[in-house]
Amino acid sequence: PQEMISGEGGLWVTAAGRRLHDAHGNGTLTWEGGLIKSSNIIMGKVGERMGNQRMHRTVTAFGFGHPTGIGLDGEATGLVNPLSRWSGYSVTSLPMGHEIAVTPLQMVRSYCTFANGGFLIRPRILAVDGVEELAGSQVIGRVLTPAIADETRSVLRKVVTEGTGRKALSDLYTIWGKTGTAQVPDPKRGGYIPGAYIGSFVAGAPVERPRIIVGLFMHQPDTRKGHYGGIIAAPAVKNVIERSLQYMGVTPDVQRDAQGHLAQISVDARE
């Protein structure tokens with residue numbers, strides 16, 4: 001996580017000759033710094049190290065390209081091209097969200113692996129009105145070691161405290177998550193629709209013992225008010241997490257120090 005990787009000042013040419021840009025130029029950052037600041041370039045550099053085969057195996061292991069099996073008719077599978085269709089661009093495209101399409105449910109499920117020790121689960125719909133459902137979610141397999149899951153979660157906490165997700169910083173709970181800003185594909189002419197975006201934020205809380213994952217995906221927001229996920233989606237996710245955890249009776253795990261700064265306290269959150 002502390003390896004230093006150059007952000008190239010915001011412009012980099014990949015091994016395949018592709019030009020990658022960052023919304024905000026960065027110099028040399030740690031790997032976790034690249035994640036915190038949403039650097040396309042640093043994600044692309046790590047993608048080149050992984051190579052097509054390893055990245056394809058990892059992406060599919062997280063369930064992308066397949067329905068989650070939640071039981072709803074017509075569930076979309078998303079889009080992950082077969083390895084035979086990957087090119088030299090693919091290892092730098094997928095890490096920043098190109099050449100792939102995912103559903104909100106697939107994305108939220110992938111974040112559950114960071115909260116539950118690395119397990120990919122089959123989600124289920126919780127019944128209401130007194131109808132009893134099956135206890136527990138079905139485990140499909142383990143995609144991360146517990147140590148990597150916990151380490152990733154700690155970095156995603158820094159996304160909220162010092163990165164692009166600071167508008168999700170809560171006075172009550174240690175929220176962790178990741179912002180996303182995607183371009184909207186043009187189904188008629190190909191490429192992307194100019195000025196059209198999907199701003200997203202997926203987050204969980206509390207950091208020490210996660211109880212909930214929430215995702216918000218805002219399709220084509222009014223760009224006059226902002227389109228980055230950290231601006232338009234993070235505040236709403238914070239509100240949902242705070243109200244949900246309070247409803248669940250989860251003890252707040254954030255307090256302020258003597259200087260008035262937010263400080264994390266370790267607690268055993270219980271229902």
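Between which two elements does the loop that holds Asp253 lie? Select Asp253 and you will find this residue in the loop between α7 (234-248) and β12 (254-256). Keep in mind on this tour that the model is predicted.

**Stop 1: Asp253**

Show the side chain of Asp253 and what surrounds it. Asp253 is buried, yet has no salt bridge. Add Arg157 to the selection: this is the nearest side chain of opposite charge, and it is 7.0 Å away. A salt bridge here requires a nitrogen and a carboxyl oxygen within 4 Å, so Arg157 does not qualify as a partner for Asp253. Now bring in Thr174, whose side chain is joined to that of Asp253 by a polar contact of 2.5 Å.

**Stop 2: helix α2**

Next, select residues 40-61, which make up helix α2. Put a distance on the C-alpha atoms at its two ends: α2 spans only 22 Å, while a straight helix of 22 residues would span 32 Å. Where is the kink in α2 centred? Centre your view on Gly51, and you will be looking at a kink of about 100 degrees.

Now colour the buried residues of α2. Among them are Ile41, Ile42, Met43, Gly44, Lys45 and Gly47. Met55, His56 and Val59 are also on the list of buried residues in this helix. Before you leave, step on to Gly63, which follows α2 and has a positive phi, near 95 degrees.

**Stop 3: salt bridges**

Side chains of opposite charge can pair when their charged atoms come close. How many salt bridges does the structure hold? There are six, and three of them are worth a visit here.

Start with Lys45, back in α2, and select Glu8 alongside: the two form a salt bridge, with the closest N and O atoms 2.6 Å apart. This pair links distant parts of the chain, since Glu8 sits in the loop between β1 (4-6) and β2 (11-13), 37 residues apart from Lys45. Lys45 counts as buried, at 18% relative accessibility, whereas Glu8 is partly exposed, with a relative accessible area of 37%.

Move on to Glu32 and Lys158, which form a salt bridge with closest N and O atoms 2.7 Å apart. Glu32 belongs to helix α1 (residues 31-36) and Lys158 to helix α5 (residues 146-162), so this bridge ties together parts that are 126 residues apart in sequence. Glu32 is buried at 11% relative accessibility, and Lys158 is partly exposed at 29%.

For the last pair, select Arg224 and Asp222, where the closest N and O atoms of the salt bridge are 2.9 Å apart. Is Arg224 buried or exposed? Arg224 counts as exposed, at 76% relative accessibility, while Asp222 is partly exposed at 31%.

**Stop 4: strands β9, β10 and β11**

Finish with the strands. Show β9 (residues 176-185) and β10 (residues 192-205): they run antiparallel and are joined by nine bridges. Their hairpin has six residues between the strands, and there you can pick out Gly190, with a positive phi near 80 degrees.

Then add β11 (residues 212-219), which pairs with β10 in the antiparallel sense over eight bridges. β10 and β11 also form a hairpin, with six residues between them.

Which residue should you select to cross these strands? Try Phe201 in β10, the bridge partner of Thr179. On the β11 side, the bridge partner of Phe201 is Leu216.

Key. Residues are numbered from 1 along each chain as its sequence is written. This is a predicted model: local features need pLDDT of at least 70, side-chain atom pairs count only at pLDDT 80 or more; totals for chains, interfaces and linings use all residues. Side-chain values use heavy atoms; hydrogens and water are left out. Helices (H or I, at least four residues) and strands (E, at least two) are DSSP runs, numbered from the N terminus. The expected span of a helix is 1.5 Å times one less than its number of residues. The bend at a residue is the angle between axes fitted to the seven residues ending there and the seven starting there. Buried means under 20% relative accessible area, exposed over 50%, partly exposed in between (1.4 Å probe, protein chains only). Lys and Arg count as positive and Asp and Glu as negative; His and the chain ends are not counted. A polar contact is a pair of N or O atoms within 3.5 Å; within protein, one must be able to donate a hydrogen and the other to accept it, and residues adjacent in sequence count only if both atoms are side-chain atoms. Two strands pair if DSSP finds at least two bridges between them.
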